[in-house]
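Student: I have a structure open in front of me and would like to learn how to read it. Could we go through it together, one feature at a time?

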There are 2 protein chains.
Amino acid sequence: MVLRLTGRLARRRGPVGDRCPIDRTLQIVGSRSAFLLLREALYGTTRFDDLVRLTGFTEAVAAKRLKELVDHGLLERRPYQEPGQRTRHEYVLTDRGHDLMPALLALAQWGRTHSPRKDGGPTPLHDGCEAEVRVVMQCAAGHPVVEDELVLTS
Amino acid sequence: MVLRLTGRLARRRGPVGDRCPIDRTLQIVGSRSAFLLLREALYGTTRFDDLVRLTGFTEAVAAKRLKELVDHGLLERRPYQEPGQRTRHEYVLTDRGHDLMPALLALAQWGRTHSPRKDGGPTPLHDGCEAEVRVVMQCAAGHPVVEDELVLTS
DNA sequence: AGGCTGACTTTCCAAGGGCATAGTCAGTCA
DNA sequence: TGACTGACTATGCCCTTGGAAAGTCAGCCT
């Protein structure tokens, strides 16, 4: 046992279903295309054809997924106009979308550390101090938290 | 733009494919069943029928996914024997599996904050100090990092 | 020997993800 | 007016995910 469970959670006899926030998150962004489109949005890509080209998904898949992400409020579809061009739309991350960043970084961190490829991928650095950035667990009092110091209460 | 990209990453003209560690992670644990089985494993559930009952997946799905997770080294299938019982197997998280915890916690954190249900789900607390635990970005020098202080180098 | 139980395996099915190709549509430019 | 471009939309296909239900199999117990 690695984690201490208390309350209803410890007594559960069957699936917790919608009460699990991991599951609820996955219902919204649980596909590869959703994650990778959000990655691109985080990288600063906003135009439809750039999102298509840089993720490698087909236009059909991208259009469908982008629409879902907009519906769920992770992206905002915003009109803009370049001089001499007609009105277009760009997709920009909302606050809800930005809040997924720790999750994306955590997945990337695992991939860099544990997937076979040795050229793991881009290393995230802290601008200015240049030290590597990691995702860590920390309590509101500022203590670093390791796994067996964690209690789940429901 | 929210994140600064440098090197190859900034110059890329097409999909990065396998060079993206997020994508590589998703190829391994990118399904709902994989995530939820890992969640259960993290909760300390080890036996096949408990994993089936508590995640709500069918035995067929659970068996298949567990096999994959074992193959990828996130779980270990380990024989054990209770007195007067025949030999059985339990599934326990390996170090590779444990390392996914920040990602799971980050997904849970997003779900609790942003998904409609008001009873968000279990709150993770720091054992002893009882403060809420969150996933945060931090550099090796110990500074908290916000999104626009992040540079990706490849 | 036969039953029971935990741990699967097998078969069949529906829904969704993703690809390829082709078509649409609106506004700008020549 | 017609071409061109960015941004979709439609169709058909295959593969994977996941569910339902039944079958298998090993070993302990009576």
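Tutor: Gladly, and please keep in mind that this is a predicted model. Let us begin with the DNA, where a backbone N or O atom of Thr58(A) lies 3.4 Å from a phosphate oxygen of DNA strand C.

Student: Which elements give two or more residues to the surface near DNA strand C?

Tutor: From chain A these are helix H3 (32-43) and helix H5 (59-71), while chain B supplies helix H4 (48-55), helix H5 (59-71) and strand S3 (87-93). Side chains of chain B take part as well: an N or O atom in the side chain of Lys67(B) is 3.2 Å from a phosphate oxygen of DNA strand C, and a polar side-chain atom of Arg88(B) lies 3.5 Å from a sugar or linking oxygen of that strand.

Student: Which residues come nearest to DNA strand C?

Tutor: There are 21 residues around the strand, and those that come nearest are Ser33(A), Gly84(A), Arg86(A), Glu59(B) and Tyr91(B). Sorted by class, the surface near DNA strand C has ten charged, six polar and five nonpolar residues. You can also look from the side of the DNA: of the atoms of strand C within 4 Å of the protein, 73% belong to sugar or phosphate, and the rest belong to bases.

Student: Now I would like to turn to the two protein chains. How should I describe the size of an interface?

Tutor: The size is often given as the accessible area that is lost when the parts come together. In this model, chain B and chain A bury about 8000 Å² between them, and 64% of that area is on carbon and sulfur atoms. Three residues, Ile22(B), Tyr43(B) and Trp110(B), supply 9% of the area that chain B buries against chain A, which is more than any other three residues. If you count residues instead of area, 88 residues of chain B are in contact with 88 residues of chain A.

Student: How many salt bridges does the rule find across the interface of chain B and chain A?

Tutor: The rule finds six, and one to look for is the salt bridge of Asp127(B) with Arg4(A), whose closest N and O atoms are 3.1 Å apart. For polar contacts, the count between the two chains is 37 residue pairs. On the side of chain B that touches chain A, helix H7 (residues 101-114) gives the most, with twelve residues, and the residues of that side divide into 46 nonpolar, 20 polar and 22 charged.

Student: Next come the strands. In which sense do strand S6 of chain A and strand S4 of chain B pair?

Tutor: When reading a pair of strands, look at their direction and at which residues stand opposite each other. Strand S6 (residues 150-153) of chain A pairs with strand S4 (residues 123-126) of chain B in the antiparallel sense, over four bridges. Within this pairing, Val151(A) stands opposite Leu125(B), and Leu152(A) stands opposite Pro124(B). Three strands then form an open sheet with mixed pairing, in the order S1(A)-S6(A)-S4(B), and its edge strands are S1 of chain A and S4 of chain B.

Student: What is the order of the strands in the open sheet that holds S4(A)?

Tutor: The order is S4(A)-S6(B)-S1(B), and the pairing is mixed. S4 of chain A and S1 of chain B stand at the edges with a single partner strand each, so one side of each is left without a neighbour in the sheet. To see the mixture, notice that S4 of chain A and S6 of chain B run antiparallel, joined by four bridges, whereas S1 of chain B and S6(B) run parallel, joined by two bridges. Finally, find His126(A), whose bridge partner is Leu150(B), and Leu5(B), which stands opposite Leu152(B).

Note on methods: Residues numbered from 1 in each chain as written. Chains lettered and ligands numbered in written order. Predicted model: local features only at pLDDT ≥ 70, side-chain atom pairs only at ≥ 80, totals over all residues. Heavy atoms only, no water. Contact = heavy atoms within 4.5 Å. Buried area = accessible area lost by both parts, 1.4 Å probe. Salt bridge = Lys/Arg side-chain N within 4 Å of Asp/Glu carboxyl O. Polar contact = N/O pair within 3.5 Å; in protein donor to acceptor, adjacent residues only side chain to side chain. Nonpolar A, V, L, I, M, F, W, Y, C, P; charged D, E, K, R; others polar. Pairing = 2+ DSSP bridges. Near = heavy atom within 4 Å.
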